[in-house]
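Colleague: Please take a close look at the largest pocket of this protein. Which residues lie nearest its centre, and which helices and strands supply its lining?

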Amino acid sequence: MDFATYFPVWDRLTSAQQSRLVGGAVGRTVKKGTVLHSGADCTGLLLVETGQLRAYILSAEGREITLYRLFDLDICLFSASCMIRSLQFDITIETEKDTALYIIPAEIYQEVMTQSAPLANFTNELMADRFSEVMWLVEKILWESMDRRVAAFLLEEAAIEGSDRLCITHETIANHLGTHREVVTRMLRYFQSEGLVKLRRGVVELTDRERLKA
C-alpha cells in the first residue's frame, strides 16, 4: 500500500512518523452490507483501497439519510472524529460493495498529527471538505424539490454503476434521500408516466437521461 497516494503531505513526515502510521494500519476485506462504524465510536481513520462505503445518520424515528459516499482511495475521517476535541458524530458507515480498506487507529493518527503540522493541516482541510459536502446536502434538502433530488440521485447512481439499469429498491433510494418509501414510489411512477424511467421489481432503468438532467 502506498500511503503517499492518500496523504499529499507524506513526504513532509519524518521516517519515524511514516513508520508509525504504516505499522499501525490494519488491513481488512469486508463484504457488502457490513457496518464498519456506528454511533460516536472512535473506529479510526478509514482508507479505502477498493470498494464503496456509505456514511449516513439515523433520525429518532429510524429514517436514514446519506451524508456522503466513499470510493477507491478515499479517506473517512468522521469515523475517527474523537481525535478532534469536542467533535463527535453519531454516524454509521456501511459497505455498499465488497471493500478492501485499511484502518489507522485513532490514537496512532492523533499521536502523529500532534507531532506534524503538515498532517494536522491536511486533516483540517479534509474535515472542511466533508463539512462542505454535508452543508451542500442540507441546502438540497431545504431548497430542492423531491423530484429534483430523486432525478439527481438516479443520475449519480447511474454514473457510479456505469449503467442505466439500476438494481435498487425504492426503500434504498428513500434511505439515501431521508424520506419515506411511498414518496419515492410516487415520484418514480410519475417519472415512468413521463417516459423518464422504466420500473420493474428491484430495478429502475433510466430511459431519458437528458430529460432527467433537465
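Modeller: In this predicted model, 19 residues line the largest pocket. Those nearest its centre are Lys 32, Glu 96, Glu 157, Cys 167 and Thr 172. The space in the largest pocket comes to about 470 Å³. As a general point, rolling a probe the size of a water molecule over the atoms shows where empty space is left.

The lining draws on both helices and strands. At least two residues each come from strand S5 (64-70), strand S7 (92-95) and strand S9 (165-166), and likewise from helix H4 (146-161) and helix H5 (170-177). Of these elements, H5 gives the most, with three residues of the lining.

As for the setting of the pocket, the protein has seven helices and 11 strands. The C-alpha atoms fill a box of roughly 60 × 30 × 30 Å along the principal axes. Of the 214 residues, 46% count as buried. When contacts between residues at least 6 apart in sequence are considered, 69% of them join residues at least 24 apart.

On the outside, the protein exposes about 11200 Å², and carbon and sulfur atoms supply 49% of that area. Charge can be put briefly: there are 24 positive and 30 negative side chains, and the centres of these two sets lie 6 Å apart.

Notes: Residues numbered from 1 in each chain as written. Predicted model: local features only at pLDDT ≥ 70, side-chain atom pairs only at ≥ 80, totals over all residues. Heavy atoms only, no water. Helix = DSSP H or I, 4+ residues; strand = E, 2+ residues; numbered from the N terminus. Buried < 20%, exposed > 50% of the residue type's maximum accessible area, 1.4 Å probe, protein only. Contact = heavy atoms within 4.5 Å. Areas by Shrake-Rupley, 256 points an atom, 1.4 Å probe, with all protein chains shown as cover. Lys, Arg positive; Asp, Glu negative; His and termini not counted. Charge placed at Lys NZ, Arg CZ, Asp CG, Glu CD. 1 Å grid on protein atoms, 1.4 Å probe; cavity = no way out; pocket = protein on both sides within 12 Å on 5 of 7 lines; lining within 4 Å. Points joined across faces, edges and corners; volume = space filled by probe spheres on them.
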